[in-house]
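Subject: Structure for your review

Dear colleague,

Please find the structure below, together with its sequence. My notes on what was found in it follow directly after.

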Amino acid sequence: MSANTRVVIGSTLFALASSAFLYLLPPSPIDKGLLRGNFHSYQGHAYLVPVKFIDGELNAARLYEDDKLLGPANSVEQEIIDKGAGRFALLRDAWNYRGPALMFSTSDNTDPNTNGRKYHLK
């Protein structure tokens, strides 16, 4: 058997074994509250993101930066823009989005696209 044949057979066996291992792993749960995608810079400290999953009333929503609760919730748009510091508002059919959208600011007014933190809406 040539060296090339052994490499092909070994690679094939490795691929099959890897696929079988991945198939046996349990699926990870989907975190519906995790905000994904690009956060669109709006004005000042404000960022916008469409929201796909809403459980309950919009005015009762809570926003978390990693494990830290942000707020105040239901802030006025201009305060989010000017002051930031974790303020947010969740509205339906606002800012030219179809469906619910979140306007928010990070706790330290950094860019949520690059600060390495995760944002959860509950």
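The lining of the largest pocket is made up of seven nonpolar residues, one polar residue and three charged residues. Please bear in mind throughout that this is a predicted model. Two runs of sequence supply much of the list: Lys32, Gly33, Leu34, Leu35 and Arg36 line the pocket, as do Val49, Pro50, Val51, Lys52 and Phe53, and Leu121 is also part of the lining. The charged members are Lys32, Arg36 and Lys52, while Gly33 is counted as the polar one. The volume of this pocket is about 210 Å³. As general background, empty space of this kind is revealed by rolling a probe the size of a water molecule over the atoms.

On the surface, Met1, Ile9, Leu13 and Leu16 form a nonpolar patch of about 450 Å². Of these residues, Leu16 belongs to helix H1, which covers residues 3-24. Leu16 counts as exposed because its relative accessibility is 56%, and the cut-off for that class is over 50%.

The backbone geometry also deserves a note. In general, most residues other than glycine have a negative phi, and most peptide bonds are trans. Which residues are joined by a cis peptide bond? Gly71 and Pro72 are, with omega at about 15 degrees. Pro72 is located in the loop between S4 and H2.

The loop between strand S4 (68-69) and helix H2 (77-82) also contains Ala73. Ala73 has a relative accessible area of 32% and is therefore partly exposed, as this class lies between 20% and 50%. Ala73 and Ala61 are twelve residues apart in sequence, and their C-alpha atoms are 7.6 Å apart in space.

Two non-glycine residues with a positive phi should also be mentioned. Asp66 has a phi of about 55 degrees and sits in the loop between strand S3 (63-65) and S4. With a relative accessible area of 37%, Asp66 is partly exposed. For Ala85, phi is about 60 degrees, and its place is the loop between H2 and strand S5 (88-92). Is Ala85 buried, partly exposed or exposed? Ala85 counts as partly exposed, because its relative accessibility is 38%.

With kind regards

Terms used
Residues numbered from 1 in each chain as written. Predicted model: local features only at pLDDT ≥ 70, side-chain atom pairs only at ≥ 80, totals over all residues. Heavy atoms only, no water. 1 Å grid on protein atoms, 1.4 Å probe; cavity = no way out; pocket = protein on both sides within 12 Å on 5 of 7 lines; lining within 4 Å. Points joined across faces, edges and corners; volume = space filled by probe spheres on them. Patch = residues over 30% accessible without salt bridge, like charges linked within 9 Å, V, L, I, M, F, W, Y side chains within 5 Å. Areas by Shrake-Rupley, 256 points an atom, 1.4 Å probe, with all protein chains shown as cover. Salt bridge = Lys/Arg side-chain N within 4 Å of Asp/Glu carboxyl O. Helix = DSSP H or I, 4+ residues; strand = E, 2+ residues; numbered from the N terminus. Buried < 20%, exposed > 50% of the residue type's maximum accessible area, 1.4 Å probe, protein only.
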